[in-house]
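Work through the exercises below with the model open. Try each task before reading its solution.

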Amino acid sequence: MEIRQSLTVDDLRSHNSPSDCWIAISSKIWDVTEFLNDHPGGPEVILQYAGLDATSAYNSIHAPGMLEETLSTDKFIGDLLPSNDIPPKSTILEAAAAEFRAPRKPSIQLPSQIPIAYEKPGLHTLISAADFQNVASRTLTPKAWAFYSSAATDLVTHTQNKALLRRIMLRPRILQDVTTVSTNRKILGCSSTVPFFISPAAMARLAHSDGELALARAAGTEGIIQCISSNASYPLSAIVEAGNASHGQPQSFFLQLYVNVDRSKTADLLRKAVSLGVKAVFVTVDAPVPGKREADERIAAEAVASAISGAMASNDKKGGGMGRLMAQYVDKSLVWADIAWIKEVSGLPVVLKGVQSAADAVMAAEYGCEGLMISNHGGRSLDGAQPSILVLIELHRVCPAIFYKLEIYIDGGFERGSDILKAIALGATAVGIGRPYLYSLAYGEEGSEHLTQILKDELETSMRLCGITDIDQAHPGLVNTQDVDHLVATGVGHPYIQWRPKAKI
(Lines give C-alpha, C1' and ligand atoms only; values in the text may rest on other atoms or scores of the structure.)
Protein backbone atom coordinates (compact mmCIF):
# COMPACT_ATOMS: atom_id res chain seq x y z
CA MET A 1 0.00 0.00 0.00
CA GLU A 2 1.37 3.41 -0.96
CA ILE A 3 1.88 5.65 2.03
CA ARG A 4 0.31 9.09 1.56
CA GLN A 5 1.15 12.13 3.63
CA SER A 6 -2.20 13.95 3.51
CA LEU A 7 -5.66 12.54 2.82
CA THR A 8 -9.17 13.93 2.61
CA VAL A 9 -12.29 12.86 4.47
CA ASP A 10 -13.48 11.21 1.25
CA ASP A 11 -10.28 9.15 1.14
CA LEU A 12 -10.93 8.02 4.70
CA ARG A 13 -14.56 7.17 4.03
CA SER A 14 -13.64 4.82 1.17
CA HIS A 15 -12.00 2.39 3.62
CA ASN A 16 -15.00 1.37 5.71
CA SER A 17 -15.28 -2.42 5.66
CA PRO A 18 -13.95 -5.33 7.74
CA SER A 19 -11.54 -6.18 4.93
CA ASP A 20 -10.32 -2.60 4.53
CA CYS A 21 -10.77 -0.51 7.67
CA TRP A 22 -9.22 2.90 8.32
CA ILE A 23 -10.02 5.24 11.18
CA ALA A 24 -8.80 8.71 12.09
CA ILE A 25 -7.55 9.58 15.57
CA SER A 26 -6.44 13.14 16.34
CA SER A 27 -6.11 13.96 12.62
CA LYS A 28 -3.97 10.87 11.94
CA ILE A 29 -5.27 8.02 9.79
CA TRP A 30 -4.52 4.41 10.70
CA ASP A 31 -5.13 1.10 8.97
CA VAL A 32 -6.66 -1.12 11.67
CA THR A 33 -7.83 -3.96 9.41
CA GLU A 34 -5.45 -6.55 10.83
CA PHE A 35 -6.05 -5.35 14.38
CA LEU A 36 -9.84 -5.81 14.31
CA ASN A 37 -9.86 -9.36 15.64
CA ASP A 38 -7.17 -8.58 18.22
CA HIS A 39 -9.11 -5.71 19.76
CA PRO A 40 -9.99 -6.70 23.35
CA GLY A 41 -13.50 -5.28 22.96
CA GLY A 42 -14.14 -7.13 19.70
CA PRO A 43 -14.08 -5.89 16.10
CA GLU A 44 -17.59 -4.40 16.27
CA VAL A 45 -16.38 -1.62 18.55
CA ILE A 46 -13.97 -0.40 15.87
CA LEU A 47 -16.15 -1.15 12.84
CA GLN A 48 -18.82 1.32 13.92
CA TYR A 49 -16.19 4.00 13.21
CA ALA A 50 -14.81 2.44 10.02
CA GLY A 51 -13.94 5.21 7.56
CA LEU A 52 -14.71 7.87 10.16
CA ASP A 53 -13.05 10.16 12.67
CA ALA A 54 -13.10 8.21 15.97
CA THR A 55 -11.14 10.72 18.04
CA SER A 56 -13.83 11.53 20.59
CA ALA A 57 -14.78 7.89 21.25
CA TYR A 58 -11.14 6.80 21.39
CA ASN A 59 -9.98 9.51 23.80
CA SER A 60 -12.83 8.82 26.21
CA ILE A 61 -11.47 5.30 26.78
CA HIS A 62 -7.75 5.22 25.98
CA ALA A 63 -4.75 7.07 27.34
CA PRO A 64 -2.59 9.18 25.00
CA GLY A 65 0.09 7.18 23.23
CA MET A 66 -1.74 3.86 23.49
CA LEU A 67 -2.44 3.66 19.74
CA GLU A 68 1.19 4.24 18.79
CA GLU A 69 2.20 1.55 21.30
CA THR A 70 -0.28 -0.97 19.89
CA LEU A 71 0.05 -0.53 16.12
CA SER A 72 3.25 -0.79 14.10
CA THR A 73 4.44 2.29 12.23
CA ASP A 74 3.54 0.79 8.86
CA LYS A 75 -0.15 1.02 9.85
CA PHE A 76 0.04 4.81 9.90
CA ILE A 77 -1.39 6.02 6.59
CA GLY A 78 -1.09 9.79 6.81
CA ASP A 79 -2.61 13.01 8.10
CA LEU A 80 -6.27 13.88 7.72
CA LEU A 81 -6.76 17.17 5.91
CA PRO A 82 -9.21 19.69 7.42
CA SER A 83 -12.73 19.38 6.03
CA ASN A 84 -15.78 21.61 5.97
CA ASP A 85 -17.70 18.59 7.28
CA ILE A 86 -15.74 18.77 10.53
CA PRO A 87 -15.67 22.22 12.16
CA PRO A 88 -12.20 23.27 13.30
CA LYS A 89 -11.62 23.35 17.03
CA SER A 90 -11.55 27.17 17.08
CA THR A 91 -15.04 27.30 15.56
CA ILE A 92 -16.38 24.88 18.13
CA LEU A 93 -14.88 26.93 20.97
CA GLU A 94 -16.30 30.16 19.54
CA ALA A 95 -19.75 28.59 19.29
CA ALA A 96 -19.53 27.38 22.85
CA ALA A 97 -18.51 30.85 24.03
CA ALA A 98 -21.38 32.46 22.12
CA GLU A 99 -23.81 30.04 23.71
CA PHE A 100 -22.43 30.93 27.11
CA ARG A 101 -22.94 34.66 26.40
CA ALA A 102 -26.49 34.18 25.12
CA PRO A 103 -29.33 35.41 27.36
CA ARG A 104 -30.55 32.68 29.67
CA LYS A 105 -33.74 32.16 31.58
CA PRO A 106 -33.58 33.07 35.24
CA SER A 107 -32.35 30.13 37.26
CA ILE A 108 -34.66 28.48 39.75
CA GLN A 109 -34.02 29.51 43.33
CA LEU A 110 -32.76 26.43 45.16
CA PRO A 111 -33.80 25.74 48.74
CA SER A 112 -31.31 27.01 51.26
CA GLN A 113 -30.99 23.58 52.90
CA ILE A 114 -29.20 22.04 49.88
CA PRO A 115 -25.63 21.34 51.04
CA ILE A 116 -22.72 23.35 49.67
CA ALA A 117 -20.55 21.46 47.18
CA TYR A 118 -17.45 19.84 48.64
CA GLU A 119 -14.38 22.05 48.39
CA LYS A 120 -11.16 20.08 48.16
CA PRO A 121 -8.75 21.21 50.89
CA GLY A 122 -5.32 22.56 50.08
CA LEU A 123 -2.70 19.86 49.59
CA HIS A 124 -0.51 20.92 52.49
CA THR A 125 -3.40 20.77 54.94
CA LEU A 126 -3.23 16.98 54.50
CA ILE A 127 -0.94 15.41 57.08
CA SER A 128 -1.60 11.66 56.83
CA ALA A 129 -2.39 8.92 54.34
CA ALA A 130 -5.89 8.77 55.82
CA ASP A 131 -6.42 12.41 54.83
CA PHE A 132 -5.80 11.49 51.18
CA GLN A 133 -8.32 8.67 51.43
CA ASN A 134 -10.94 11.05 52.80
CA VAL A 135 -10.42 13.51 49.95
CA ALA A 136 -10.47 10.74 47.34
CA SER A 137 -13.76 9.40 48.67
CA ARG A 138 -15.30 12.82 47.99
CA THR A 139 -13.64 13.72 44.69
CA LEU A 140 -13.31 10.53 42.65
CA THR A 141 -16.19 9.38 40.49
CA PRO A 142 -18.39 6.81 42.25
CA LYS A 143 -17.01 4.08 39.98
CA ALA A 144 -13.37 5.05 40.48
CA TRP A 145 -13.85 5.13 44.25
CA ALA A 146 -15.58 1.73 44.20
CA PHE A 147 -12.83 0.22 42.04
CA TYR A 148 -9.98 1.52 44.21
CA SER A 149 -11.47 1.08 47.66
CA SER A 150 -13.42 -2.16 47.23
CA ALA A 151 -12.27 -5.50 48.58
CA ALA A 152 -13.57 -9.06 48.44
CA THR A 153 -17.02 -10.03 49.80
CA ASP A 154 -17.25 -9.24 53.53
CA LEU A 155 -13.96 -7.28 53.73
CA VAL A 156 -12.58 -9.55 56.46
CA THR A 157 -9.03 -9.75 55.12
CA HIS A 158 -9.06 -6.12 54.04
CA THR A 159 -10.05 -5.00 57.55
CA GLN A 160 -7.73 -7.37 59.39
CA ASN A 161 -4.67 -6.37 57.36
CA LYS A 162 -4.58 -3.07 59.19
CA ALA A 163 -6.08 -4.25 62.47
CA LEU A 164 -3.49 -7.00 63.06
CA LEU A 165 -0.64 -4.72 62.05
CA ARG A 166 -1.72 -2.20 64.69
CA ARG A 167 -1.72 -4.91 67.39
CA ILE A 168 2.04 -5.27 67.09
CA MET A 169 3.69 -2.93 69.56
CA LEU A 170 7.03 -1.12 69.38
CA ARG A 171 9.70 -1.38 72.11
CA PRO A 172 11.72 1.87 72.02
CA ARG A 173 15.28 2.18 73.29
CA ILE A 174 16.32 5.47 74.89
CA LEU A 175 19.31 7.80 75.27
CA GLN A 176 20.67 7.30 71.78
CA ASP A 177 22.10 10.09 69.61
CA VAL A 178 19.45 10.32 66.89
CA THR A 179 20.44 13.67 65.43
CA THR A 180 20.86 12.17 61.98
CA VAL A 181 18.95 9.23 60.54
CA SER A 182 19.08 7.41 57.21
CA THR A 183 16.16 5.64 55.54
CA ASN A 184 18.15 4.65 52.44
CA ARG A 185 17.62 1.08 51.28
CA LYS A 186 18.74 -1.25 48.49
CA ILE A 187 15.83 -3.12 46.90
CA LEU A 188 16.98 -5.85 44.50
CA GLY A 189 20.18 -3.88 44.16
CA CYS A 190 18.34 -0.66 43.28
CA SER A 191 18.87 2.42 45.41
CA SER A 192 15.86 3.93 47.17
CA THR A 193 15.65 6.80 49.62
CA VAL A 194 13.14 4.82 51.69
CA PRO A 195 12.31 1.15 52.46
CA PHE A 196 8.94 1.38 50.72
CA PHE A 197 7.82 1.57 47.10
CA ILE A 198 4.72 2.25 45.03
CA SER A 199 2.84 -1.02 44.76
CA PRO A 200 1.29 -1.88 41.39
CA ALA A 201 -2.31 -0.68 41.09
CA ALA A 202 -4.43 -0.67 37.95
CA MET A 203 -5.90 2.25 36.02
CA ALA A 204 -4.44 5.22 37.89
CA ARG A 205 -5.87 7.51 35.20
CA LEU A 206 -9.28 7.10 36.88
CA ALA A 207 -7.93 9.36 39.63
CA HIS A 208 -6.01 11.88 37.54
CA SER A 209 -5.50 12.49 33.84
CA ASP A 210 -1.75 11.86 34.19
CA GLY A 211 -2.28 8.63 36.17
CA GLU A 212 0.85 6.49 36.24
CA LEU A 213 2.85 9.28 34.60
CA ALA A 214 2.31 11.43 37.68
CA LEU A 215 3.33 8.55 39.94
CA ALA A 216 6.49 7.99 37.89
CA ARG A 217 7.47 11.66 38.06
CA ALA A 218 6.81 11.77 41.80
CA ALA A 219 8.85 8.60 42.32
CA GLY A 220 11.73 10.13 40.37
CA THR A 221 11.62 13.34 42.36
CA GLU A 222 11.50 11.52 45.69
CA GLY A 223 14.03 8.83 44.75
CA ILE A 224 11.71 5.86 45.27
CA ILE A 225 10.77 2.87 43.10
CA GLN A 226 7.50 2.41 41.24
CA CYS A 227 6.22 -1.07 40.42
CA ILE A 228 4.13 -0.64 37.26
CA SER A 229 0.89 -2.59 36.90
CA SER A 230 0.17 -4.78 33.87
CA ASN A 231 -3.19 -2.99 33.85
CA ALA A 232 -1.74 0.52 33.83
CA SER A 233 -3.60 3.24 31.95
CA TYR A 234 -0.53 4.38 30.01
CA PRO A 235 1.94 2.46 27.83
CA LEU A 236 4.94 1.06 29.67
CA SER A 237 7.34 3.17 27.60
CA ALA A 238 5.46 6.39 28.40
CA ILE A 239 5.58 5.68 32.15
CA VAL A 240 9.29 4.91 32.14
CA GLU A 241 10.07 7.98 30.01
CA ALA A 242 8.02 10.20 32.33
CA GLY A 243 10.01 9.01 35.33
CA ASN A 244 13.38 9.34 33.66
CA ALA A 245 12.55 12.84 32.44
CA SER A 246 11.52 13.99 35.91
CA HIS A 247 15.10 14.32 37.16
CA GLY A 248 17.23 13.90 34.07
CA GLN A 249 18.60 10.42 34.74
CA PRO A 250 17.35 6.82 34.60
CA GLN A 251 15.37 5.65 37.60
CA SER A 252 14.46 2.17 38.77
CA PHE A 253 11.16 0.55 37.84
CA PHE A 254 9.72 -2.88 38.47
CA LEU A 255 6.98 -4.49 36.37
CA GLN A 256 4.06 -6.35 37.88
CA LEU A 257 3.07 -9.18 35.56
CA TYR A 258 -0.18 -11.01 34.98
CA VAL A 259 0.70 -13.89 32.65
CA ASN A 260 -1.51 -13.73 29.57
CA VAL A 261 -3.29 -16.81 28.21
CA ASP A 262 -1.51 -15.87 24.99
CA ARG A 263 2.04 -16.48 26.17
CA SER A 264 3.48 -14.69 23.13
CA LYS A 265 1.96 -11.43 24.42
CA THR A 266 3.60 -11.97 27.80
CA ALA A 267 6.93 -12.66 26.09
CA ASP A 268 6.60 -9.46 24.05
CA LEU A 269 5.83 -7.46 27.18
CA LEU A 270 8.82 -8.91 29.04
CA ARG A 271 11.16 -8.09 26.16
CA LYS A 272 9.72 -4.58 26.03
CA ALA A 273 10.37 -4.18 29.75
CA VAL A 274 13.97 -5.29 29.36
CA SER A 275 14.53 -2.85 26.49
CA LEU A 276 13.21 -0.02 28.67
CA GLY A 277 15.53 -0.86 31.56
CA VAL A 278 12.97 -2.32 33.97
CA LYS A 279 14.88 -3.95 36.83
CA ALA A 280 12.64 -6.82 37.99
CA VAL A 281 9.41 -8.69 37.35
CA PHE A 282 6.82 -9.12 40.11
CA VAL A 283 4.64 -12.05 38.97
CA THR A 284 1.19 -11.92 40.56
CA VAL A 285 0.34 -15.44 41.76
CA ASP A 286 -2.59 -14.91 44.12
CA ALA A 287 -5.20 -13.98 41.51
CA PRO A 288 -5.70 -16.63 38.80
CA VAL A 289 -9.25 -15.31 39.03
CA PRO A 290 -10.32 -12.02 40.66
CA GLY A 291 -12.14 -11.95 43.97
CA LYS A 292 -15.77 -10.88 44.21
CA ARG A 293 -15.65 -7.16 44.98
CA GLU A 294 -19.25 -6.27 45.53
CA ALA A 295 -18.88 -2.50 45.79
CA ASP A 296 -17.16 -2.55 42.41
CA GLU A 297 -19.81 -4.86 40.90
CA ARG A 298 -22.75 -2.69 41.99
CA ILE A 299 -21.72 0.33 39.88
CA ALA A 300 -21.66 0.15 36.10
CA ALA A 301 -18.15 -0.01 34.66
CA GLU A 302 -16.71 3.06 32.98
CA ALA A 303 -15.36 2.63 29.47
CA VAL A 304 -11.61 2.34 30.07
CA ALA A 305 -8.79 0.20 28.70
CA SER A 306 -5.31 -0.70 29.88
CA ALA A 307 -2.52 0.48 27.60
CA ILE A 308 -0.22 -2.41 28.61
CA SER A 309 -2.42 -5.51 28.82
CA GLY A 310 -5.13 -4.22 26.48
CA ALA A 311 -7.81 -5.30 28.97
CA MET A 312 -11.10 -3.41 28.71
CA ALA A 313 -13.84 -2.78 31.25
CA SER A 314 -17.46 -3.50 30.41
CA ASN A 315 -20.65 -4.72 32.05
CA ASP A 316 -22.40 -8.07 32.11
CA LYS A 317 -25.18 -9.83 33.99
CA LYS A 318 -22.92 -10.31 37.03
CA GLY A 319 -22.35 -6.59 37.40
CA GLY A 320 -19.81 -3.98 36.41
CA GLY A 321 -16.77 -5.10 38.37
CA MET A 322 -13.76 -3.63 36.57
CA GLY A 323 -11.34 -5.93 38.36
CA ARG A 324 -13.26 -9.01 37.21
CA LEU A 325 -13.98 -7.87 33.67
CA MET A 326 -10.44 -6.67 33.00
CA ALA A 327 -8.87 -9.92 34.26
CA GLN A 328 -10.30 -12.20 31.61
CA TYR A 329 -6.95 -12.42 29.81
CA VAL A 330 -5.11 -13.80 32.88
CA ASP A 331 -3.77 -17.35 32.50
CA LYS A 332 -5.43 -19.66 35.04
CA SER A 333 -3.02 -22.50 34.23
CA LEU A 334 0.12 -20.82 35.62
CA VAL A 335 2.19 -23.30 37.67
CA TRP A 336 5.56 -23.41 39.42
CA ALA A 337 7.37 -24.73 36.35
CA ASP A 338 6.44 -21.55 34.45
CA ILE A 339 8.75 -19.46 36.64
CA ALA A 340 11.73 -20.80 34.71
CA TRP A 341 10.15 -19.65 31.44
CA ILE A 342 9.59 -16.12 32.78
CA LYS A 343 13.21 -15.98 33.98
CA GLU A 344 14.50 -17.27 30.64
CA VAL A 345 12.49 -14.84 28.50
CA SER A 346 13.19 -11.77 30.62
CA GLY A 347 16.59 -12.44 32.11
CA LEU A 348 15.39 -10.30 35.04
CA PRO A 349 15.07 -11.08 38.75
CA VAL A 350 11.68 -12.66 39.43
CA VAL A 351 9.64 -11.93 42.55
CA LEU A 352 6.43 -13.82 43.35
CA LYS A 353 3.74 -11.37 44.41
CA GLY A 354 0.99 -12.93 46.49
CA VAL A 355 2.78 -15.48 48.68
CA GLN A 356 0.59 -16.28 51.70
CA SER A 357 2.21 -19.25 53.43
CA ALA A 358 5.61 -20.45 54.58
CA ALA A 359 5.28 -23.55 52.39
CA ASP A 360 5.06 -21.43 49.23
CA ALA A 361 7.90 -19.22 50.40
CA VAL A 362 10.14 -22.31 50.50
CA MET A 363 8.94 -23.28 47.02
CA ALA A 364 9.75 -19.80 45.71
CA ALA A 365 13.37 -20.24 46.78
CA GLU A 366 13.53 -23.73 45.28
CA TYR A 367 12.31 -22.45 41.91
CA GLY A 368 14.94 -19.75 41.72
CA CYS A 369 13.05 -16.60 42.62
CA GLU A 370 15.09 -13.66 43.86
CA GLY A 371 12.34 -12.44 46.17
CA LEU A 372 8.78 -12.87 47.31
CA MET A 373 6.07 -10.42 48.20
CA ILE A 374 3.68 -11.30 50.98
CA SER A 375 0.37 -9.99 49.73
CA ASN A 376 -3.32 -10.84 49.67
CA HIS A 377 -4.08 -8.25 46.99
CA GLY A 378 -5.14 -5.73 49.62
CA GLY A 379 -7.95 -8.07 50.63
CA ARG A 380 -9.28 -7.99 47.06
CA SER A 381 -8.85 -11.69 46.18
CA LEU A 382 -9.75 -14.39 48.71
CA ASP A 383 -11.67 -12.96 51.65
CA GLY A 384 -10.67 -14.74 54.85
CA ALA A 385 -7.04 -15.11 53.76
CA GLN A 386 -4.50 -14.40 56.50
CA PRO A 387 -3.53 -10.78 57.10
CA SER A 388 -0.13 -10.10 55.56
CA ILE A 389 1.67 -9.37 58.82
CA LEU A 390 0.76 -12.82 60.17
CA VAL A 391 2.35 -14.45 57.15
CA LEU A 392 5.56 -12.47 57.71
CA ILE A 393 5.76 -13.78 61.28
CA GLU A 394 4.86 -17.29 60.06
CA LEU A 395 7.98 -17.30 57.89
CA HIS A 396 10.09 -16.73 61.00
CA ARG A 397 8.35 -19.56 62.84
CA VAL A 398 8.29 -22.16 60.04
CA CYS A 399 11.15 -21.34 57.62
CA PRO A 400 13.47 -18.74 59.20
CA ALA A 401 16.27 -19.53 56.73
CA ILE A 402 14.20 -17.94 53.95
CA PHE A 403 15.28 -14.48 55.11
CA TYR A 404 18.87 -15.36 54.16
CA LYS A 405 17.88 -16.70 50.73
CA LEU A 406 15.37 -14.18 49.36
CA GLU A 407 14.42 -10.56 49.72
CA ILE A 408 11.03 -10.35 51.42
CA TYR A 409 8.49 -7.63 50.60
CA ILE A 410 5.05 -7.09 52.06
CA ASP A 411 1.94 -4.99 51.46
CA GLY A 412 -1.58 -4.80 52.85
CA GLY A 413 -2.79 -2.19 55.32
CA PHE A 414 0.39 -0.10 55.59
CA GLU A 415 -0.53 3.56 56.02
CA ARG A 416 1.89 4.84 58.65
CA GLY A 417 5.64 5.19 58.93
CA SER A 418 5.47 3.24 62.19
CA ASP A 419 3.75 0.38 60.32
CA ILE A 420 6.64 0.32 57.84
CA LEU A 421 9.20 0.22 60.65
CA LYS A 422 7.45 -2.80 62.21
CA ALA A 423 7.73 -4.75 58.96
CA ILE A 424 11.39 -3.83 58.48
CA ALA A 425 12.14 -4.86 62.08
CA LEU A 426 10.52 -8.21 61.29
CA GLY A 427 12.84 -8.85 58.37
CA ALA A 428 11.09 -7.31 55.38
CA THR A 429 13.36 -5.66 52.82
CA ALA A 430 10.70 -3.16 51.80
CA VAL A 431 6.99 -2.41 52.06
CA GLY A 432 4.60 -1.84 49.17
CA ILE A 433 2.14 1.07 49.41
CA GLY A 434 -0.85 0.76 47.08
CA ARG A 435 -4.18 2.48 47.67
CA PRO A 436 -2.71 5.57 49.40
CA TYR A 437 -0.77 6.43 46.23
CA LEU A 438 -3.91 6.10 44.12
CA TYR A 439 -5.72 8.41 46.54
CA SER A 440 -2.83 10.89 46.45
CA LEU A 441 -3.52 11.39 42.74
CA ALA A 442 -6.46 13.57 43.72
CA TYR A 443 -3.68 16.18 43.71
CA GLY A 444 -1.67 14.74 40.83
CA GLU A 445 2.09 14.50 40.91
CA GLU A 446 2.42 16.93 43.84
CA GLY A 447 0.02 14.81 45.88
CA SER A 448 2.14 11.69 45.39
CA GLU A 449 5.27 13.60 46.35
CA HIS A 450 3.57 14.94 49.46
CA LEU A 451 2.39 11.47 50.50
CA THR A 452 5.94 10.13 50.13
CA GLN A 453 7.26 12.94 52.32
CA ILE A 454 4.59 12.29 54.97
CA LEU A 455 5.45 8.57 55.16
CA LYS A 456 9.17 9.28 55.20
CA ASP A 457 8.78 11.86 57.99
CA GLU A 458 6.68 9.43 60.04
CA LEU A 459 9.27 6.69 59.50
CA GLU A 460 12.15 8.95 60.55
CA THR A 461 10.25 10.05 63.65
CA SER A 462 9.50 6.42 64.58
CA MET A 463 13.16 5.48 64.09
CA ARG A 464 14.36 8.31 66.33
CA LEU A 465 11.84 7.45 69.01
CA CYS A 466 12.96 3.81 68.86
CA GLY A 467 16.60 4.83 69.21
CA ILE A 468 17.96 3.85 65.80
CA THR A 469 19.68 6.03 63.21
CA ASP A 470 19.78 3.76 60.15
CA ILE A 471 16.95 1.66 58.77
CA ASP A 472 19.41 -1.24 58.54
CA GLN A 473 19.58 -1.20 62.36
CA ALA A 474 15.92 -2.23 62.72
CA HIS A 475 15.69 -5.64 64.41
CA PRO A 476 13.05 -7.96 65.96
CA GLY A 477 13.84 -6.72 69.46
CA LEU A 478 12.11 -3.44 68.56
CA VAL A 479 8.70 -5.12 68.30
CA ASN A 480 6.38 -7.04 70.62
CA THR A 481 4.26 -9.52 68.66
CA GLN A 482 2.77 -11.40 71.63
CA ASP A 483 -0.74 -10.04 71.05
CA VAL A 484 -0.87 -11.89 67.71
CA ASP A 485 1.55 -14.78 68.24
CA HIS A 486 -1.26 -17.22 69.03
CA LEU A 487 -2.70 -16.53 65.56
CA VAL A 488 0.50 -17.47 63.71
CA ALA A 489 0.55 -20.85 61.95
CA THR A 490 3.11 -23.35 63.23
CA GLY A 491 3.55 -25.53 60.15
CA VAL A 492 2.26 -26.53 56.74
CA GLY A 493 -0.62 -28.62 58.09
CA HIS A 494 -3.26 -28.00 60.72
CA PRO A 495 -1.79 -28.21 64.25
CA TYR A 496 -4.15 -30.93 65.50
CA ILE A 497 -6.84 -31.98 62.97
CA GLN A 498 -5.81 -35.34 61.52
CA TRP A 499 -8.62 -35.85 58.96
CA ARG A 500 -7.54 -35.93 55.32
CA PRO A 501 -9.67 -35.70 52.15
CA LYS A 502 -9.71 -38.60 49.69
CA ALA A 503 -8.69 -36.42 46.76
CA LYS A 504 -5.04 -35.46 46.49
CA ILE A 505 -3.74 -32.04 45.43
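A charge sits over a ring if NZ of Lys or CZ of Arg is within 6 Å of the ring centre and within 35 degrees of the ring normal. The model is predicted: local features need pLDDT of at least 70, side-chain atom pairs count only at pLDDT 80 or more, and totals for chains, interfaces and linings use all residues. Residues are numbered from 1 along each chain as its sequence is written, and side-chain values use heavy atoms, without hydrogens and water.

**Exercise 1.** Which ring does the charged end of Arg263 sit over?

Solution. Go to Trp341: the charged end of Arg263 sits over its ring, 5.4 Å from the centre. Then turn to Lys120. Its charged end sits over the ring of Tyr443, 4.5 Å from the centre.

**Exercise 2.** Describe the pair Phe254 and Phe282, then extend it to a cluster.

Solution. Step one: geometry. Rings of Phe, Tyr and Trp (its six-membered ring) pair if their centres lie within 6.5 Å; planes under 30 degrees apart count as stacked, over 60 as edge-to-face, the rest as tilted. Phe254 and Phe282 are stacked, at 5.2 Å centre to centre and 20° between the planes.

Step two: location. Phe254 is in strand β11 and Phe282 in strand β12, so the pair ties together parts 28 residues apart in sequence. Strands (E, at least two residues) are DSSP runs, numbered from the N terminus.

Step three: burial. Phe282 has 0% relative accessibility, so it counts as buried (under 20% relative accessible area; exposed is over 50%, partly exposed in between; 1.4 Å probe, protein chains only).

Step four: extension. Phe282 and Tyr409 form a tilted pair, with centres 5.7 Å apart and planes at 35°. Phe197, Phe254, Phe282 and Tyr409 form one aromatic cluster.

How values were computed:
Helices (H or I, at least four residues) and strands (E, at least two) are DSSP runs, numbered from the N terminus.
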